[in-house]
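I opened this entry to record what I looked up, going from the sheet to the helix packing and then to the interior.

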Amino acid sequence: MTRIGNSSLDVLPLALGGNVFGWTADRDASFAILDAFHAGGGDFVDTADSYSAWVPGNSGGDSERIIGEWLASRRPEGVVIATKVSQHPEFKGLSAKNVRAAAEASLERLGVETLDLYYAHFDDASVSLDETVAAFGDLVTDGLVRYIAVSNYSAARIRDWVGLAQAAGSDLPVAIQPHYNLVHRDAEQEIVPVAEEFGLSLIPYYALASGFLTGKYRSIDAAGHSSPRAGGASKYATSQGLEIIDALEGIGRSHDASITATALAWLRQQRAVVAPIASASRVDQVADLLQGARIELTGDELGELNRVSQWSPAAV
């Protein structure tokens with residue numbers, strides 16, 4: 001178990017991504033995935049109020065509703081739920097009024113009294129940061145939220161948030177959710193240092209690079225794959241990307257581990273990282289995710305993966 005920042009939240013070092021619930025995983029498949037994850041020791045689920053508004057027929061909050069139904073049906077103990085605000089079609093932005101209304105809507109969909117971890121999903125330059133920081137602090141004071149976090153914020157804006165919260169005597173963020181994986185290491189330049197400066201935990205999204213780091217998109221042309229995410233994965237299938245997959249496969253073999261599990265283990269063992277986020281559209285994918293939370297790569301193995309991925313290009 002690992003602790004998120006200076007919070008009281010202790011979790012298995014892997015977050016199950018809820019972005020697929022109501023998208024590539026329907027209600028029954030989502031329940032099966034959640035059941036398998038929890039049965040395997042998983043206790044940390046990440047979602048957002050906007051998931052999955054982009055799917056025809058969905059309105060946003062679809063993932064939260066499925067997770068809420070699962071929580072009500074199973075009543076699991078010790079499960080930590082993280083969700084986010086700013087992108088729901090009915091709750092855009094980070095004004096104080098919107099932040100509170102969105103939090104109340106998420107609480108209702110999830111069927112819980114308090115949100116364990118609540119993220120500002122994307123920075124909102126149209127609203128004073130003072131207003132947003134105060135709004136999040138008020139949610140903690142009023143018992144709607146236990147802990148605050150930020151996602152997709154620059155290092156400078158994270159410093160500004162912390163400074164404003166400190167000056168106001170308000171609750172500080174405990175975590176940052178950046179885009180970070182073996183083929184997208186930009187977070188190491190500024191986000192990792194600011195996380196270490198303030199004792200914040202990293203909970204990276206796209207931990208498997210839209211599926212590329214599972215090894216199933218090894219071809220330079222992934223267009224033949226039917227998955228909705230294949231297009232996102234195919235851009236990583238460069239000569240360097242394929243070298244990374246080969247290295248993961250070789251290292252994983254010595255641990256009797258898959259490419260997926262090995263990629264997650266590398267990310268989990270990076271500075272300030274507490275729990276990578278990875279999603280599964282099928283229940284048979286869950287075991288590899290859980291294994292990624294448990295295997296330990298050696299210093300030499302980490303060094304080899306660092307070497308082959310050193311100049312990996314950022315995602316476009």
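**Sheet**

I began with strand β8 (residues 115–120) and strand β9 (residues 145–151), which run parallel and are joined by five bridges. I note that the model is a predicted one. Looking up one position in this pairing, I found that Leu-117 has Tyr-147 in β9 as its bridge partner. I then followed the whole sheet, which is open and consists of eight strands with parallel pairing, in the order β11-β10-β9-β8-β5-β4-β3-β12. At its edges I found β11 (201–202) and β12 (277–278), each of which pairs on one side only.

**Loop after β3**

Is Asn-19 buried or exposed? I located Asn-19 in the loop between β3 (15–17) and α1 (27–39), and its relative accessible area of 16% falls under the 20% cut-off, so I count Asn-19 as buried. I also checked Asn-19 against Ala-48, which is 29 residues apart from it along the chain, and the C-alpha atoms of the two are separated by 7.5 Å.

**Helix pairs**

For helix α2 (residues 62–74) and helix α3 (residues 96–110), I read that the axes come within 7 Å and cross at roughly 45°, and the two helices are therefore oblique to each other. On the α2 side I listed Glu-64, Arg-65, Ile-67, Gly-68 and Leu-71, which meet Ser-106, Arg-109 and Leu-110 in α3. Sorted by class, the contact of α2 with α3 has three nonpolar, two polar and three charged residues.

For helix α8 (residues 239–254) and helix α11 (residues 299–309), the axes come within 9 Å and cross at roughly 170°, which makes α8 roughly antiparallel to α11. I noted that α8 contributes Gln-240, Glu-243, Ile-244, Ala-247, Leu-248, Ile-251 and Ser-254 to the contact, while α11 contributes Glu-301, Glu-304, Leu-305, Arg-307, Val-308 and Ser-309. By class, I have six nonpolar, three polar and four charged residues in the contact of α8 with α11.

**Nonpolar cores**

Turning to the interior, I found that the largest nonpolar core has 90 residues, and that Tyr-118, Trp-161, Phe-212 and Leu-213 are those with the most contacts inside it. Helix α9 (residues 259–268) supplies the largest share of this core, seven residues. Apart from this core lies another, of 18 residues, with Ile-4, Tyr-119, Ala-175 and Val-274 among them.

Which residues does Phe-212 touch, not counting those up to four places away in sequence? I recorded Val-183, Tyr-217, Ala-233, Tyr-236, Ala-237, Gly-241, Leu-242 and Ile-245.

Technical notes
Residues numbered from 1 in each chain as written. Predicted model: local features only at pLDDT ≥ 70, side-chain atom pairs only at ≥ 80, totals over all residues. Heavy atoms only, no water. Helix = DSSP H or I, 4+ residues; strand = E, 2+ residues; numbered from the N terminus. Buried < 20%, exposed > 50% of the residue type's maximum accessible area, 1.4 Å probe, protein only. Core = buried A, V, L, I, M, F, W, Y, C linked by side-chain atoms within 4.5 Å. Contact = heavy atoms within 4.5 Å. Axes fitted to C-alpha atoms, helices over the stretch in contact; angles between N-to-C directions. Parallel < 35°, antiparallel > 145°, perpendicular 65-115°, else oblique. Nonpolar A, V, L, I, M, F, W, Y, C, P; charged D, E, K, R; others polar. Pairing = 2+ DSSP bridges.
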